[in-house]
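Please open the model in your viewer and keep the selection panel at hand. The tour proceeds from one selection to the next, with a short account of what is found at each stop.

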Amino acid sequence: MENVFQKASADIKAKVGEQQFGSWVKDLVFKEQAGNRVFIAAKDSFTKDWVETYYSHFILEALKKIDPSIEIVTFVEDAILTQPQKKETVAALEKADDGIDQVKSFENFVVGKPNEFAYAAALRVAESKKMVYNPLFLYGGVGLGKTHLMHAIALKIKELHPKKTVLYISAEKFMYKFIKALRFKNMVAFKEEFRNIDVLMIDDVQFFSTKTTTQEEFFHTFNALIDAKKQIILSADKPPTELVNIEDRLKSRMSWGLVADIHPTTYELRLGILQSKAELMHLNISDEVLEFMAANLSDCNVREMEGALNRVAAHADLMGRSLDVASIKTILKGVIKDTDRQMTIDEIKKRVCEYFGVKVKELDSAKRVKSITRARQVAMFLAKELTDKSFPNIGAEFGGKDHTTVLYSVNKVKTYLETDESYKSDVDTLRASLNLRR
Ligand code: ADP
Ligand code: MG
């Protein structure tokens with residue numbers, strides 16, 4: 001019979017990720033359950049510490065789902081568990097990540113509003129002879145291009161300054177090396193390793209250890225590296241100030257240089273990325289199809305968009321012809337939104353705000369700043385045109401405005417459409433991208 005830990009394992013895997021699961025969780029062994037406590041054994045104390053630090057809460061959460069009475073997980077060390085494949089894990093972790101992906105260059109990075117600041121900052125750090133910001137801290141949601149930008153910096157530095165040494169390493173690997181050095185009292189050797197490096201990049205620092213002693217030591221090492229004029233580049237899924245379990249002074253140290261954020265994609269950026277990737281993949285795909293995808297993959301990050309494009313490419317290849325919107329709908333079923341439903345005012349507002357760079361809150365407000373008024377009027381106009389809502393209904397959905405306001409806006413837009421070409425092109429673009437979602 002399966003024990004609770006085995007039963008929970010699929011769930012744990014989903015939470016921690018396939019690779020981490022394989023490296024750390026797979027070989028743990030369930031020992032016993034005593035009351036509200038579950039004992040799980042690791043093959044050595046290092047693994048035990050590691051799992052305790054990084055994975056215990058995921059494991060506990062998953063166990064609770066199987067058996068709600070479980071409240072505590074205790075990890076124990078069990079030398080008998082030593083298994084040969086563990087060695088490979090360690091070897092893989094010890095290898096520095098310096099094989100750099102040539103595709104992840106600045107040239108292949110599509111720039112748009114959401115990432116232009118991070119892009120400019122990264123390029124500046126890569127190109128300038130002097131140290132401009134240290135550290136550079138890039139943050140943003142998953143799959144939005146942080147790792148890509150780090151690789152791009154590394155490639156550019158290698159191109160411009162071939163003598164410089166660059167080390168790119170995931171936070172997990174960095175911590176692994178670091179904790180090991182601490183444990184075996186090898187700190188001197190650890191620091192020595194970084195002595196000859198000019199640029200140190202640590203990716204995904206939200207995975208830094210939560211232990212105070214580790215952080216204490218890390219703080220000093222970090223300072224020493226900066227004092228030694230090493231360029232440091234960090235990435236995370238949130239800004240330094242919002243990282244959890246990280247000491248305040250370390251957070252503040254991380255914010256000393258420049259903190260640059262990457263926002264979720266907009267329609268324009270998605271379209272640009274799809275066009276660029278389709279070209280890189282030598283895909284024969286029409287603009288209409290790419291526009292449809294850009295409009296409908298609105299909740300996807302770039303990595304997911306790449307996945308969708310690969311699926312489309314595989315189908316096009318199999319069928320030996322390029323694809324139209326109807327077949328794309330079938331291929332991407334489940335990824336794209338439901339296609340036969342009414343458009344909502346929320347969708348229109350969201351899309352219009354994205355386009356004009358204003359906030360939905362501002363549309364609903366009574367603010368009369370020019371840019372907001374323009375976005376509000378266009379949104380009301382499109383709401384009237386694309387939904388079957390009445391003037392009072394529309395007014396209500398824009399922060400409770402009077403129907404006369406809506407009527408006024410709609411008429412205003414009509415006049416502009418006849419007299420202002422650029423205005424007309426804004427409205428046409430918005431209407432087209434909204435219609436594509438249907
Ligand atoms: P993150 O590290 O933020 O999770 P990645 O850098 O791994 O995200 O990006 C996910 C995928 O999307 C990668 O294959 C990357 O090359 C691609 N990607 C992300 N942003 C862009 C962009 N602006 N232009 C081109 N490709 C991008
Ligand atoms: Mg990444």
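Begin by selecting strand 2 together with strand 3, residues 72-77: the two run parallel and are joined by six bridges. The coordinates on display are those of a predicted model. Within this pair, pick alanine 41 and look across to strand 3, where valine 76 stands opposite.

**The three-stranded sheet**

Now add strand 1, residues 29-34, to the selection. Strand 1 runs antiparallel to strand 2, residues 37-42, and five bridges connect them. Two of the paired positions are worth labelling. Glutamate 32 has phenylalanine 39 of strand 2 as its bridge partner, and alanine 34 is partnered by arginine 37, also in strand 2.

Follow the chain from strand 1 into strand 2. The two strands form a hairpin with two residues between them. Select glycine 35 in this turn: its phi is positive, at about 60°.

With strands 1, 2 and 3 displayed together, the view is of an open sheet in the order 1-2-3, with mixed pairing. Strand 1 and strand 3 are the edge strands, each pairing on one side only. From one strand to the next, the twist averages 25°.

Next, show helix 3, which packs on this sheet and touches strand 2 and strand 3. The direction of helix 3 makes about 160° with that of strand 3.

**Lysine 48 in helix 3**

Helix 3 covers residues 45-54, and lysine 48 is found in it. Is lysine 48 buried or exposed? Its relative accessible area is 19%, and because the cut-off for buried is under 20%, lysine 48 counts as buried. Display its surroundings: neighbours within four places in sequence aside, lysine 48 is in contact with Ala42, Phe75, Val76 and Glu77. Val76 has already appeared on this tour, as the residue opposite alanine 41.

**Leucine 63 in helix 4**

Move on to helix 4, residues 56-66, and select leucine 63 within it. This residue is buried, with a relative accessible area of 0%. Which residues does leucine 63 touch, those up to four places away in sequence not being counted? They are Val4, Phe5, Ala8, Val38, Ile40, Ile70 and Val73.

To gain a sense of distance across the model, draw a line between the C-alpha atoms of leucine 63 and isoleucine 226. These residues are 163 apart in sequence and 42 Å apart in space.

**The five-stranded sheet**

Turn now to the other sheet on this tour. Five strands form an open sheet in the order 5-6-7-4-8, and their pairing is parallel. Strand 5 (166-170) and strand 8 (258-262) each have a single partner strand and stand at the edges, so one side of each is left without a neighbour in the sheet. The twist here averages 15° from one strand to the next.

Inside this sheet, select strand 4, residues 136-140, and strand 7, residues 231-236. They run parallel and are joined by four bridges. Label phenylalanine 137 and its bridge partner in strand 7, leucine 234. When inspecting side chains here, one general point is helpful: in a regular strand they alternate between the two faces of the sheet.

**Phenylalanine 117 in helix 6**

Select helix 6, residues 116-127, and within it phenylalanine 117. At 43% relative accessibility, this residue counts as partly exposed. Leaving out neighbours within four places in sequence, its contacts are Leu258, Val259, Ala260 and Asp261. For a further check in the viewer, select isoleucine 262: it lies 145 residues from phenylalanine 117 along the chain, yet their C-alpha atoms are separated by 7.7 Å.

**The whole model**

Finally, clear the selection and display the entire protein. There are 21 helices and eight strands. The C-alpha atoms fill a box of roughly 80 × 60 × 50 Å along the principal axes. Of the 438 residues, 49% are buried. Among contacts with a separation of 6 or more, 75% are between residues 24 or more positions apart.

With the surface shown, about 22000 Å² is exposed, and carbon and sulfur atoms supply 53% of it. Colouring by charge brings out 65 positive and 62 negative side chains, and the centres of these two sets lie 3 Å apart.

Technical notes: Residues are numbered from 1 along each chain as its sequence is written. Chains are lettered from A and ligands numbered from 1 in the order in which they are written. This is a predicted model: local features need pLDDT of at least 70, side-chain atom pairs count only at pLDDT 80 or more; totals for chains, interfaces and linings use all residues. Side-chain values use heavy atoms; hydrogens and water are left out. Two strands pair if DSSP finds at least two bridges between them. Axes are lines fitted to C-alpha atoms, for helices over the stretch in contact, and angles run from 0 to 180 degrees between N-to-C directions. Buried means under 20% relative accessible area, exposed over 50%, partly exposed in between (1.4 Å probe, protein chains only). Contact means heavy atoms within 4.5 Å. Accessible areas come from the Shrake-Rupley method with a 1.4 Å probe; for residues, only the protein chains shown count as cover. Lys and Arg count as positive and Asp and Glu as negative; His and the chain ends are not counted. The place of a charge is taken as NZ of Lys, CZ of Arg, CG of Asp or CD of Glu.
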